[in-house]
Amino acid sequence: MATTTDAIAKVRQEFPFLRRKVHGGLPLTYFDNAAMTPVPSIVQQRLASYYQSDTANIHRGLYYVSVEATRQYEDARKRVQKFINAKHCDEIIFMPGTTIALNLLAQAISAQFAATSNNDSEKTEIILTTMEHHSNIVPWQLQTNLCIKYLPMLANGELDLDALPQLISSKTKLISLVHASNSIGTINPLPEILQLCKAHGLITIVDAAQSVGHMPVDVQTLDCDYLVFSSHKIYAPTGVGVLYGKQDMLKQLPVVSGGGGSIKQVDLDKTSFLPPPAKFEAGTPNISGVLGLDSALEFLMNNDLPQLWQHEQDLLSYATAALQEIDGVRIIGTARQKVSILSFVIAGIHPHDIGTLLDFEGIAVRASHHCTHPTMKHFKVPATVRAAFSFFNTTAEVDLLVKAVSKAIHTFR
Ligand code: PLP
């Protein structure tokens, strides 16, 4: 087995983006991997190859190139199935991203609740958590027949699991929660949470946007009903997401967005739909993006992922220890289990100012509320500086971050 240093050096070569210079010649130190991961060369080549030689729409073309494009698109579905260990490949639905997938679920499931409710005035209760990305709050708030209850966080940014049983009543029908927080990194203990919720008959939805690229995600082991993620956080192009749903759940789920490609028969007064996944993939999908995702997953599966992911954890520990040493730095989110996301604030300096000063050193971090207003409110901060490490980052880059943070503090004092 290659040493970790050799493995990281090798994997870095696969990302041309990492050789980019900024501000007229500074090497780029890229730590915004929770927002967007760069793509390896194999993904760039796949996009080029689709537009050079396989450019055709899929599924209904009877000619050679269209059949070939369709085969590649459906092979990508099989690759995703393998990557998250779904039982059937028709449990994988390609979407434009996590946000759209969660909106689809919120609309379709609330319509299901409305159709089966005996009492129009009684709202169905659902559970979210206070650490959700806005994408897992707003779509549910838009459904007027739902009453949302929130599982709170403890001071360290872990969920308060003791509060969960009290939130579940006879009116509660669903829980939707994040696997790993995008703003503070907390990994939620899904097996424990999902087991309790399933024992009460709740539908279970997992937002795996920040976990699927950084730890094993196995939908059969988790036994969740639905799981969603976006491709641009897993070394693939933008504009593609995955909605996983158990076969029997998808069969029951109503269509909320119809059109070409999803139908069996359209008459002027009614439409019948194909079985999943086609039922949920109306319109021309992002074909090149899906092929790019296929290549990104191939790239990941051809690497020693446990070794790479352990390196991310080592970077997290190394950076946390070093930043904690700096006077005035407060780490936001100190859960025991975290993905490689490190959020912090500095006493007396706005996170946006830190973000700008780090950029002057060529260091790309995110300084923002990270689309998690309730999480920011919990920690009583307007925003944080977030360094999100990928396996291609190095301890030398973390040293640059630590040095630049010290320098930024010095500038302000
Ligand atoms: N959920 C989490 C945990 C996220 O980190 C993000 C994006 O950062 C989203 C949902 C929304 O993903 P997208 O913008 O790809 O739809």
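In this predicted model, a backbone N or O atom of Thr98 lies 3.5 Å from an oxygen atom of the ligand, and two side chains also approach the ligand through polar atoms. Asp207 places a polar side-chain atom 2.5 Å from a nitrogen atom of the ligand, while the side chain of Ser230 has an N or O atom 2.6 Å from a ligand oxygen. Taken on its own, the ligand has 390 Å² of accessible area, of which the protein covers 85%.

Thr98, Asp207 and Ser230 belong to a wider set of residues around the ligand, which also includes Thr99, His133, Ser135, Val178 and Asn182. Further along the chain, Ala209, Gln210, His232 and Lys233 are part of this set as well. Sorted by class, the shell consists of eight polar residues, two charged residues and two nonpolar residues.

Turning from the ligand to the cysteines, how many disulfides does the structure hold? The structure holds zero disulfides. A disulfide is a covalent bond between the sulfur atoms of two cysteines, and a pair of cysteine sulfur atoms counts as one within 2.5 Å. For Cys197, the closest cysteine sulfur is that of Cys224, and because the two sulfurs are 12 Å apart, they are too far from each other for a bond. Seen from the other side, Cys224 is likewise in no disulfide, with the sulfur of Cys197 as its nearest cysteine sulfur at 12 Å.

Are these two cysteines buried or exposed? Cys197 has 0% relative accessibility and therefore counts as buried, and Cys224, also at 0% relative accessibility, counts as buried too.

Notes: Residues are numbered from 1 along each chain as its sequence is written. This is a predicted model: local features need pLDDT of at least 70, side-chain atom pairs count only at pLDDT 80 or more; totals for chains, interfaces and linings use all residues. Side-chain values use heavy atoms; hydrogens and water are left out. A residue is near a molecule or strand if one of its heavy atoms lies within 4 Å of it. A polar contact is a pair of N or O atoms within 3.5 Å; within protein, one must be able to donate a hydrogen and the other to accept it, and residues adjacent in sequence count only if both atoms are side-chain atoms. Accessible areas come from the Shrake-Rupley method with a 1.4 Å probe; for residues, only the protein chains shown count as cover. Ala, Val, Leu, Ile, Met, Phe, Trp, Tyr, Cys and Pro count as nonpolar, Asp, Glu, Lys and Arg as charged, and the others, Gly among them, as polar. Buried means under 20% relative accessible area, exposed over 50%, partly exposed in between (1.4 Å probe, protein chains only).
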